[in-house]
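The turns below walk through the strand pairing and the nonpolar cores of one model, and each can be followed with the coordinates open.

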Amino acid sequence: MRADTGAAGAYFRSMHAALKGLRVYLADADSPLYAHRLIGQVVLPYIDRLEATFSAWENRVGFIERFRISRADSGFPMFQNVLTLENDRATAEERLAAIPDVETLKAEMADFILRHKEFPAALQEQIAERLYLEDIGKDAVFAPFILPETIRVSVNPRNGRPFYVVHWGVFDGSQTLPMVYMATIEDSSESISKMLVTRDGKLNPDVDIPLPVGGLLNPEFARAFDASAERNGAYSLSPVTIAQNLDADFEHLHPKQLRRFVLGPFYSAGVTENSDLISTILSKVRKDENAWLLTWTMQEVFSKAERPAKRGLWSSEPARDEYHIETDDLEATRQGVSAYQKHALVPHEAYQALYASGEAETIFAGFTVHVISGNQVISEV
């Protein structure tokens, strides 16, 4: 995508509108999917990161020749853009020191225009580069891997184990899809149980836990858990495989539930080619801000039983979880999940165009549709 064709501007306008719309949906306390608010609470900071990342990329388009997106697949920028952004963060401070501040550059631009009667493209590129470097230096972008964070701690009343709710982010390189993981993990290690659980099986009120906590709450396993989460973050791995791998990596950590929020594909008129049918219809929508369709999938796998540990004279086996796969649903079996939900968010004008085409039923088959108009979302359309 060349920066001077106008396609980049259209793409960023539609993506910014889509992320803003998703934020409106996630923040809706009346949403049936997010009624307990925890999923929305977890996902929203990652949407913040995506918005900051796209703002940075938009500035980057102002001083590079090309910006590539996965036009035929996810509709998101190619993974190389994510890696480049991550590499640029390491040198951002040094590069910023070599570029004048924005006000100085704007004054130079005005002076250049008065003296030369032409547009100072080089100075404009410097402003774009400076804004880009300032954006990525804030440490709030969507990196290839975003470290786990513990947001909730409690005790399972049935077995007296403490458990954590942990989340982390992954930008999948092969499918170019941003993803958010959330897991509920019980901890059977003796030391943490003594510290966190009272004799009557309650969370110890004398232990101050300043949530959120960076990483897994138990410091004994925190670094290894980071590595395991990163190693098992690929979209190509099914949720049940990821849960099993996490379970196998730790004798005393027991993943009881794993959710994966997969954002995309994204469809943008005149830019993406992931669906000729959708692209043709969206091209009839007048404004870029309304000519898009954003989909996402929520996958979940949960433990149906825990196989007890075996202690023998010659060998032993740690406790292992057995996960439920909904075999009555072929799609759930294919995805390797206990349950899944597919959602689509679309602006009102684009939905009208899709509906008028007579193709809405085909396009939205299997999806829960959310139509956004301004700051309102109408769901289950």
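## Strand pairing and cores

Q: Which residue in E12 is the bridge partner of Val371?
A: In this predicted model, four bridges join E11 (residues 368-373) to E12 (residues 376-379), and the two strands run antiparallel. Within E12, the residue paired with Val371 is Ile378.

Q: Which residue in the turn of the hairpin formed by E11 and E12 has a positive phi?
A: The hairpin leaves two residues between E11 and E12. In that turn, a positive phi of about 65 degrees belongs to Gly374.

Q: Do E10 and E11 run parallel or antiparallel?
A: His343 stands opposite Thr368 in E11. Five bridges join E10 to E11 (residues 368-373), and the direction of this pair is parallel.

Q: How many bridges join E6 to E10?
A: Strand E6 (residues 292-307) and strand E10 (residues 339-347) run antiparallel, and Thr297 stands opposite Lys342 in E10. The number of bridges joining E6 to E10 is seven.

Q: Which helix gives the most residues to the largest nonpolar core?
A: The largest nonpolar core holds 62 residues, of which Leu22, Phe54 and Leu263 touch the most other members. Leaving aside residues up to four places away in sequence, Phe54 touches Tyr11, Phe12, Met15, His16, Leu19, Phe76 and Pro77. The largest contribution to this core, 11 residues, comes from the helix spanning residues 38-60, H2.

Q: How many residues does the second, separate core have?
A: Among the members of this second core are Phe145, Ile185, Val197 and Val301. Its residue count is 34.

Technical notes. Residues numbered from 1 in each chain as written. Predicted model: local features only at pLDDT ≥ 70, side-chain atom pairs only at ≥ 80, totals over all residues. Heavy atoms only, no water. Core = buried A, V, L, I, M, F, W, Y, C linked by side-chain atoms within 4.5 Å. Buried < 20%, exposed > 50% of the residue type's maximum accessible area, 1.4 Å probe, protein only. Contact = heavy atoms within 4.5 Å. Pairing = 2+ DSSP bridges.
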